[in-house]
Amino acid sequence: MKQDSSQIGFADLVAEKRLKKHTFSERIDQIIDWAPIKETIDACYDKGTKIRGRRSFDGLVLFKLELLRLWYRLSDTMLETQVNDKLSFTHFAGLSLQQHVPDTTTLRRFRHALTKAGVYDTLMEEINHQLEHKHFHLRRGSFKEPVLTVRKHARKNTTSQKESL
């Protein structure tokens with residue numbers, strides 16, 4: 001049985017007012033079409049679909065956490081800490097404040113399941129393809145916001161320029 005990440009509680013409504021607008025994670029969430037990614041994940045990751053057992057997390061939630069881990073260059077342990085501490089991480093992942101945050105073992109097992117199914121690299125390529133298709137470039141950070149830039153196509157013989165968002 002999967003946790004329902006679509007339920008919004010009172011705490012989420014209050015916290016929403018505290019979130020900075022136009023953050024990196026908010027922009028990425030708007031740029032990426034998550035439907036094909038969710039479809040790929042759901043085809044190979046079926047944890048939590050059974051009635052018995054402990055509630056599990058939606059695959060897309062775990063994948064978004066994996067992206068945060070990569071983009072911010074965090075260990076699984078640090079990712080768990082940051083998701084507990086940062087509203088923007090919690091919001092981007094699609095978790096409500098009432099939900100538990102996936103632990104390091106859950107994150108590692110999810111990553112292993114995607115790798116074993118042969119879709120981990122495919123999913124990462126899809127993210128990169130969507131960003132490139134919309135003329136975005138991502139430079140990873142380390143405890144700082146990664147930088148998302150728009151590539152402007154230059155006119156005739158000028159070099160391409162980057163405009164920081």
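Which residues line the largest cavity? Let's start there, and keep in mind that this is a predicted model.

So, the lining: Leu62, Leu65, Glu66, Leu79, Leu107, Phe110 and Arg111. Two elements each give two or more residues to that lining, helix H4, which runs over 59-71, and helix H7. If you sort the lining by class, you get five nonpolar residues, two charged ones and no polar ones. As for volume, we're talking about 30 Å³ of space in the largest cavity. And how many cavities of 30 Å³ or more does the structure hold? Just one.

Okay, on to the helix pair. People describe two packed helices by the angle between their axes and the distance between the axes. Here the pair is H5, residues 76-85, and H7, residues 104-117. Their axes come within 9 Å, and they cross at roughly 120°. Angles of 65 to 115 degrees count as roughly perpendicular and those over 145 as roughly antiparallel, so H5 ends up oblique to H7. On handedness, H5 goes past H7 in a right-handed crossing.

Now, who touches whom? On the H5 side you've got Asp76, Thr77, Leu79 and Glu80, and they meet Thr104, Leu107, Arg108 and Arg111 of H7. By class, the residues of that contact split into four charged, two polar and two nonpolar.

One last thing to look at on screen: Leu79, Leu107 and Arg111 belong to the contact of H5 with H7, and those residues turn up in the lining of the largest cavity as well.

Note on methods: Residues are numbered from 1 along each chain as its sequence is written. This is a predicted model: local features need pLDDT of at least 70, side-chain atom pairs count only at pLDDT 80 or more; totals for chains, interfaces and linings use all residues. Side-chain values use heavy atoms; hydrogens and water are left out. Axes are lines fitted to C-alpha atoms, for helices over the stretch in contact, and angles run from 0 to 180 degrees between N-to-C directions. Helices (H or I, at least four residues) and strands (E, at least two) are DSSP runs, numbered from the N terminus. Angles under 35 degrees count as roughly parallel, over 145 as roughly antiparallel, 65 to 115 as roughly perpendicular and the rest as oblique. A crossing is left-handed if the near helix is turned anticlockwise from the far one by less than a right angle, and right-handed if clockwise. Contact means heavy atoms within 4.5 Å. Ala, Val, Leu, Ile, Met, Phe, Trp, Tyr, Cys and Pro count as nonpolar, Asp, Glu, Lys and Arg as charged, and the others, Gly among them, as polar. On a 1 Å grid over the protein atoms alone, a cavity is a set of points where a 1.4 Å probe fits but cannot get out, and a pocket is an open set with protein on both sides within 12 Å along at least five of seven lines; lining residues have an atom within 4 Å of a point. Grid points are joined across faces, edges and corners, and a volume is the space filled by probe spheres set on the points.
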